[in-house]
Amino acid sequence: MTKNHDYNFELILIAGVTQNGVIGKDNQLPWKKLKGDLTRFAELTTPHPVIMGRNTWESLPEDYQPLPDRLNMVLTRNEAYESPGAYLMPSLEEALESIEARDPFITGIKYDQVFIIGGARVYEEALPLADRLELTEVHREVEGDTFFPGWDRKLWNEENRVQVKTRKGKNTHDFVTYIRK
Ligand SMILES: NC(=O)c1ccc[n+]([C@@H]2O[C@H](COP(=O)([O-])OP(=O)(O)OC[C@H]3O[C@@H](n4cnc5c(N)ncnc54)[C@H](OP(=O)(O)O)[C@@H]3O)[C@@H](O)[C@H]2O)c1
């Protein structure tokens with residue numbers, strides 16, 4: 001496995017993506033419900049730090065701001081921005097470095113996994129560094145305004161795929177783990 005960064009944690013990008021690459025619409029998820037998806041998201045990301053862009057933060061329902069039991073890091077270049085529960089960071093690099101340095105003003109904890117949870121711009125910046133992708137591949141096309149960045153599948157090994165089916169047996173989406181080769 002190639003490691004494209006010097007941090008001592010595993011950097012994992014987690015996203016739900018439709019067949020036409022859509023991840024969002026009107027600053028919301030472009031689907032109502034995907035069986036098991038939120039549970040899987042919570043199980044994988046808890047209790048690790050999650051890093052997200054400001055739009056994604058603002059798209060979270062009030063009750064999930066911050067996402068519980070996780071260090072919520074929110075990227076913004078707006079120094080005046082304030083939002084309780086969010087650790088604001090001016091860049092992805094500074095967010096990752098403060099986790100690596102166990103910044104005592106944040107938690108002082110050593111983390112072995114860090115999750116990038118969107119949106120498009122943050123995925124795009126983090127993808128070249130990521131060690132693992134945890135994707136929910138949604139088997140349909142939907143309209144949207146936010147897209148997952150293009151990625152070269154040849155650089156990744158598919159390590160695991162779980163097909164999720166409705167009660168009637170229709171395979172609506174897969175939970176897929178990719179590891180960088
Ligand atoms: N399907 C999924 O798995 C998934 C996951 C997450 C989000 N989404 C969807 O994606 C959409 C939101 O994504 P988005 O691309 O519009 O926005 P986003 O990436 O969540 O947020 C963009 C904002 O984050 C800040 N930012 C981003 N990169 C930064 C950097 N390197 N340094 C400093 N600040 C940075 C900037 O904030 P300032 O303007 O404040 O400087 C920027 O305007 C929504 O529709 C959401 O539902 C989908």
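Which residues point one way from strand E3 and which the other way, and are they buried or exposed?

**View 1. Strand E3 in the predicted model.** From E3, Val 50 and Met 52 point one way, whereas Ile 51 and Gly 53 point the other way, and all are buried.

**View 2. The strands that pair with E3, namely E4 and E6.** E3 and E4 pair in the parallel sense over four bridges, and within this pairing Met 52 has Val 74 of E4 as its bridge partner. E3 also pairs in the parallel sense with E6, here over two bridges, and the bridge partner of Val 50 in E6 is Phe 115. Together with helix H2 (54–59), strands E3 and E4 make a right-handed β-α-β unit.

**View 3. The largest nonpolar core.** This core holds 34 residues, of which Leu 13, Ile 51, Ile 116, Tyr 123, Ala 126 and Ala 130 touch the most other members. Among the elements that each supply at least two residues of the core are strand E1 (10–18), strand E3 (50–53), helix H3 (92–100) and helix H4 (120–126), and E1 gives the most, with five residues. When residues up to four places away in sequence are not counted, Ile 116 touches Leu 11, Leu 13, Ile 51, Val 122, Tyr 123, Ala 126 and Ala 130.

**View 4. The shell around the ligand.** The ligand is surrounded by 29 residues, the closest being Gly 24, Gly 53, Asn 55, Gly 118 and Gly 119. The shell divides into eleven nonpolar, 14 polar and four charged residues, and E1, E2, E3, H2 and H4 each supply at least two of its residues.

How values were computed:
Residues numbered from 1 in each chain as written. Predicted model: local features only at pLDDT ≥ 70, side-chain atom pairs only at ≥ 80, totals over all residues. Core = buried A, V, L, I, M, F, W, Y, C linked by C-beta atoms within 7 Å. Buried ≥ 20, exposed ≤ 12 C-beta atoms within 10 Å, placed from the backbone. Contact = placed C-beta atoms within 7 Å. Near = placed C-beta within 6 Å. Nonpolar A, V, L, I, M, F, W, Y, C, P; charged D, E, K, R; others polar. Pairing = 2+ DSSP bridges. Right-handed = clockwise from strand over helix to strand, strands pointing away.
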